[in-house]
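Let us walk through this structure step by step, beginning with a cysteine bridge and moving outward from there to cores, sheets and single residues.

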Amino acid sequence: MPDFLKIVTLGALLALSSKPVMAIDRGTAAPVVFDCWEPERTFKQCATTGPDGRPRLKRSYLARLRYDRDGIASVLLMDGTDTRKGQWFYARRGVAPVPVELMDNGPDYFKDGLARSRVGGKVGYIDRKLNLVIPATYDGAYPFEDGVAVVCTACTIVGEGEHSWYEGGQWGRIDRKGRVVSPFRPWEKGKRLEFD
């Protein structure tokens with residue numbers, strides 16, 4: 001399949017997902033079965049939820065993933081009962097997959113060594129070992145750039161998928177250790193956020 005068609009197919013799949021599937025947020029005892037999507041094909045029943053509610057990839061599927069130089073692979077998990085719902089995860093051998101935010105029709109990039117991860121409805125940041133190094137305490141967060149990231153509390157997401165943004169609440173900036181480097185202040189509609 002030409003690369004252009006792969007990108008269009010991925011965009012269509014992600015555009016249809018209005019509510020990402022989050023196994024950890026379901027609160028059900030029965031295991032959930034997931035399908036794994038790749039541009040070339042969909043792998044049926046490639047993952048199920050573990051005892052902690054987080055997805056676990058089957059060994060046969062883990063073996064076929066394409067890992068980068070840091071041993072990380074990305075996978076789009078879709079609820080086997082509703083393929084319009086999907087969530088990107090990063091995976092490593094021996095570690096439960098970690099959910100990541102959507103960026104450019106795929107998983108969030110590692111910027112300054114960190115990527116955004118949504119846990120329990122809040123956003124934090126993971127490192128390349130998939131450890132949550134900045135706790136998931138923010139309602140919204142943007143990728144790091146030059147050692148800082150813009151984050152917000154009590155803000156809401158507007159729009160869908162990669163064409164979304166945050167509005168309202170309190171906004172500030174944090175460094176790679178999670179320390180506040182620009183004090184939080186209220187968001188004002190129509191005004192550009194500028195930090196010292």
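In this predicted model, the torsion about the S-S bond of Cys36 and Cys46 is about 85°, so the disulfide between them is right-handed. Because Cys36 belongs to strand 1 and Cys46 to strand 2, the pair ties together parts of the chain that are 10 residues apart in sequence. The sulfur atoms of Cys36 and Cys46 are placed 1.7 Å apart in the model, and both of these cysteines are buried.

The same two cysteines lead into the interior, for Cys36 and Cys46 are listed, together with Leu57, Tyr61, Leu65, Val75 and Leu77, as the residues with the most contacts inside the largest nonpolar core, which has 15 residues. Several elements contribute to this core, with strand 1 (33-37), strand 2 (42-49), helix 2 (59-62), strand 4 (73-79) and strand 5 (82-92) each supplying at least two of its residues. A second core, of 12 residues, lies apart from the largest one and includes Tyr90, Phe110, Ala115 and Leu130.

What surrounds Cys46 once its neighbours within four places in sequence are left aside? Cys46 is then in contact with Phe34, Asp35 and its disulfide partner Cys36, with Arg56, Leu57 and Lys58, and also with Tyr61 and Leu77. Of these contacts, Leu57, Tyr61 and Leu77 appear again among the residues with the most contacts inside the largest core.

The chain holds 2 disulfides by the distance rule applied here, and the other one joins Cys152 to Cys155, with an S to S distance of 2.0 Å. With 65° about its S-S bond, the link of Cys152 and Cys155 is right-handed. Cys152 has a relative accessible area of 1% and is therefore buried, and Cys155, with a relative accessible area of 7%, likewise counts as buried. When the bonded cysteines are counted along the chain, the disulfides follow the pattern 1-2, 3-4.

Turning to the sheets, one of them is an open sheet of 3 strands in the order 9-10-11, with antiparallel pairing. Its edges are formed by strand 9 (115-119) and strand 11, each of which pairs on one side only, and the twist averages 30° from one strand to the next. Strand 10, made up of residues 122-126, is joined to strand 11 by 3 bridges, and the two run antiparallel; within this region, Val123 stands opposite Tyr138 of strand 11.

Leu132 offers a view of this sheet from a single residue, since its place is in strand 11 (residues 132-138). Is Leu132 buried, partly exposed or exposed? Its relative accessible area is 41%, so Leu132 is partly exposed, given that the partly exposed class runs between the 20% and 50% limits. Beyond residues up to four places away in sequence, Leu132 touches Gly124, Tyr125 and Ile126. The C-alpha atoms of Leu132 and Val119, which are 13 residues apart along the chain, are separated by 9.5 Å.

Another open sheet contains 4 strands in the order 12-13-16-17, again with antiparallel pairing. Strand 12 (140-141) and strand 17 (180-186) are its edge strands, each pairing on one side only. Strand 16, covering residues 170-175, pairs with strand 17 in the antiparallel sense over 4 bridges. Two positions let the reader follow this pairing in the structure: Ile174 has Val180 of strand 17 as its bridge partner, and Gln170 stands opposite Pro186 of strand 17. Strand 16 and strand 17 form a hairpin with 4 residues between them, and in the turn Gly178 has a positive phi of about 90°.

A last stop is Glu101, which is found in the loop between strand 6 (95-99) and strand 7 (102-103). The relative accessibility of Glu101 is 12%, so this residue counts as buried, the limit for that class being under 20%. Leaving out residues up to four places away in sequence, Glu101 touches Gly106, Pro107 and Asp108, as well as Arg116, Arg118, Val123 and Tyr166. Among these, Val123 has already been met as the residue that stands opposite Tyr138 in strand 11.

How values were computed:
Residues numbered from 1 in each chain as written. Predicted model: local features only at pLDDT ≥ 70, side-chain atom pairs only at ≥ 80, totals over all residues. Heavy atoms only, no water. Core = buried A, V, L, I, M, F, W, Y, C linked by side-chain atoms within 4.5 Å. Buried < 20%, exposed > 50% of the residue type's maximum accessible area, 1.4 Å probe, protein only. Contact = heavy atoms within 4.5 Å. Pairing = 2+ DSSP bridges. Disulfide = S-S within 2.5 Å. Axes fitted to C-alpha atoms, helices over the stretch in contact; angles between N-to-C directions.
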